[in-house]
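User: I have just opened this one and would like a short walk through it. Can we start where the chains meet?

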Amino acid sequence: MNTPLSGKMPTIALAAVALFLVVIMPALNAGGIVSDFTLNTWGKYLCYAMLGIAVDLLWGYTGLLCLAQALFFSLGGYMFGMHLMLMIGKLGQYKSDLPDFMVFLGLKELPGFWQPFYSFPFATLMVLAVPGLLAWVFGYLAFRSRIKGVYFSILTQALTYAAWLIFLSNDIITMGGNNGFTDFRTVLGADIRSPETRRILYIASAVALTLIFIGCKWLTTSRFGLIQRAIRDSENRVLFSGYSAANFKLFVFVISGMIAAVGGALYVPQVGIINPGEMATANSLEAVVWVAVGGRGTLIGPIIGAIGVNRLKSWATTEYPDYWLIILGATFVLVVLFMPKGIVGIPGQIRAIIERRKHRQTIREEDLAAANPSPEAE
Amino acid sequence: MMRVLSGRAGAFGRICGCLAACLFALASPAGAQDESPGSVREVIAKATTTLDTDQQREMVEGLASADPDEVTIWLKKWKQGEIYLYQDAEGNDMAVTLSGDPDPEARFALASVATGEPVTGADGQVARATTDDLYLADTDSKLRRVMKDVTDRMELLSPDPKERVKAVKATGNQQDITKLPLLEQIKATEKNGKVKDALDEAIAMLKLRSEDPAVRQAAVLELGEMGSIASQGAIKTVRREAEEAGNAALVSACDRAQLDIDGHISRVNTVGTVFRGLSLGSILLVVAIGLAITFGLMGVINMAHGELIAVGAYTTYLVQNLFGAGIHMSPFGMTVSIPGMNLTGNSWGLYFLVAIPASFLTAAAVGILLERGIIRFLYKRPLESLLATWGVSMILQQLFRLIFGSNNVQVDSPAYLSGNWTVNDVIFGWNRVFVIAFAVLIIFLTWVVLNKTSLGLLIRAVMQNRAMAACMGVRTERVNMMTFGFGSGLAGLAGAFLSQIGNVGPNLGQNYIVDSFMTVVVGGVGNIIGTVISALGIGMADQSLQQILGNPVLGKILVLGAIILFLQWKPAGLFATRSRSLD
């Protein structure tokens, strides 16, 4: 189940897809065949795919349904967004060194924790460090007291909800409140809205996704991945075999949080906005839908799911805006009921059906043979 | 072109007016009706045409004993410049009002103030005039003060005790020492306890403006003992003046009074917080009790629980409309129109009693549908039931939007749920009291169903050991369905109940889903008592933290943090179900 795409052929196919995403798409865009809008949309999808992999690493491989992945995604986005906000400089509406929303709030100087975000390397570090640290602290508390299954889901949902409340309110933390960060101008000195910068951001997303895919592939096929799946299937047996299941889970939780954060950090400059709406629990659940649709317990599944569901979303929200939620909800119910292994699992399901039928056929023939031992003899 | 009738203002006139007002005020309650100079209209008509301002004031004062409603209307008209003077054929002034819409030349038909009849002009037709043709019946500041005195007095003597309390409080806040005799006189005859208390407070507040420092000091101390919140500002003023005058005794009296009042305020706040905490806890309890059944007993994560609550709330809305103007909607482009019973008042208010069982049944039906259609296939895969029911919740939310619109719908509380009691400055809203009573009732009923009925016995048997129950001949599938239906019905009840205290909209359920899951988890899954205690605990903690921190968001976040830490200490909740099984 875990490696339906093993062997040489799939590896070559995957490499071809990666090559297409990383090199050919941007080249076609530079040549004017793929529009800037399409490229930008695909850049977004690739970021979603990273979020999908993060969800899958926990849910598909370790059996932890975490509803906080959208929080880690947004935290990554917020950290990078802070840097982008400071890079606006005097180009903002109020022509002030401070970001516009701070001027609006009546602040006179930059809050202390914003200062280091002038530095690009620091912001990049924080993209990984802040979500990682939060995941570590929360995971430590949760796994130490052996919270698992649905309780873990509910607790992570509460964590996301609390964070959402914090980011919504400007008087607890100065992070832009309800409106979040927007109106970015430059990234590393380049105009963030120019097609060239967007292309580079797209390439960065594609490269990041490829690297994350390779890294996760390596992780999940190693001995570590074996224990990961063993925890999913029977945590107690892992414990009794002398492994510290809590530490393994904690490690995966932190890694997964960081992967989501990288996705978020690349997502924000491409869409040009980050606000607390991005970390609503519903977004975490939506990411879980992508994984379920694509196929959990595989690495290609979340990518297919994230891109597929979001294509469907773009199409449905323009064609049937009133029915989009119903379509998504129904997709979800149907996938859970009839396609427990998602799109990736369909070939296997069909094969199983055919085999079962064949099996029945043989049994029936044997039965027939048993009932009428030798018709010719009579 | 306007002629100001009452022009000359003099100190003498003002004093006369005040004196007259006081004297009259003292004399009138005995009943001045016998010397009635005519109807209110006639008096007003006469007063507006009188040139002598003293006489004018006297006439207005004379109105103090007439029908309060009419007097208020006419004095208001006069004050707002809606009464004009018209010279009739003989050259006499006549008070008129404009009636109807203006004709093309901007002329209005005139109506006499005295009789209300249309005014006939020289030609026998209804007289018409533009506003420029007429003189405005003006008022000066002295006259207006007299008018205000008259209306104030009327409010103070209003037959409705609530109105009286309001008027007394307003008089107290104005701190007009000249009103003191009037209030004391009213106090002598007042029977209603609440009005008496308000009078005591108002009289003390008036005395703060007394010339005599000793009277002021006594009044300050009296207000302190009363714990009069309204008088804080006035006491501060007295203290400042006393400081300037070097009256140390009065300053210390003010400080002591302020201390007393502060103590009173903190007591009021504490009681208020406890009450609000109790009612918030009851809300959580009612919302979570359904979940305690479906999630706690059955182990089904029903993310659509919130939408089942909304189903109950919308059912209440529909029942309300059936009792009122009827249902008119246009879902999916179709027009649905069901005539209502057009009831009003108390008989309309009965809708809620019908809505309670209706919302239970509707939500239970939706729940059973959900169980039969989806959840029964997922009993062995709890995480996936979470996902599938989340899909259902999205579908339901969108259906609500398509059927009822994306805005909130209006659910009006019946009269018996929309008042409040004020006991010693603490406000007890009837709906909040109702919330608590309703929660107690629901818990009791749930307990009865689970422990005293055969269905409850079957539910408990199946939940404890499904295989064994099945072996004993229990139809476990059917029990699952009934249990889920029961839990969903309780969610519907919560909806009926939330419709009385908050907005009813498509997102109603989303606001409560996190809280209700938290409540069940903290209480310990599979335990109703645990849910009760955790709901009340979370409600109290939330309200107290809000009170202490003065920031609702921070309070909520701290509660969530506290819950996460609490589960460190007791991972299975308050009341864990003990079991030897692993996984």
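User: How much area do chain B and chain A bury between them?
Analyst: About 3900 Å², with 78% of it on carbon and sulfur atoms. Buried area is the accessible area (1.4 Å probe) that two parts lose on being put together, summed over both. This is a predicted model, where local features need pLDDT of at least 70 and side-chain atom pairs count only at pLDDT 80 or more, while totals for chains, interfaces and linings use all residues. Residues are numbered from 1 along each chain as its sequence is written, chains are lettered from A in the order in which they are written, and side-chain values use heavy atoms, without hydrogens and water.

User: Which three residues supply the most of what chain B buries there?
Analyst: B:Leu387, B:Trp390 and B:Gln568, which supply 17% of the area that chain B buries against chain A.

User: How many residues does each chain bring to the contact?
Analyst: Chain A brings 46 residues and chain B brings 43, where contact means heavy atoms within 4.5 Å.

User: Any charges pairing up? Which side chains form the salt bridge?
Analyst: A:Arg296 and B:Glu384, at 2.8 Å, N to O. The rule finds one salt bridge across this interface; it requires a side-chain nitrogen of Lys or Arg within 4 Å of a carboxyl oxygen of Asp or Glu.

User: New topic: which residues of helix α8 in chain A are buried?
Analyst: In α8 (residues 223-233), a DSSP run (H or I, at least four residues) numbered from the N terminus, the buried ones include A:Phe224, A:Ile227 and A:Ile231. Buried means under 20% relative accessible area (1.4 Å probe, protein chains only).

User: What do they pack against?
Analyst: The buried residues of α8(A) pack against α2, α7, α9 and α10 of chain A.

Notes:
Buried means under 20% relative accessible area, exposed over 50%, partly exposed in between (1.4 Å probe, protein chains only). Helices (H or I, at least four residues) and strands (E, at least two) are DSSP runs, numbered from the N terminus.
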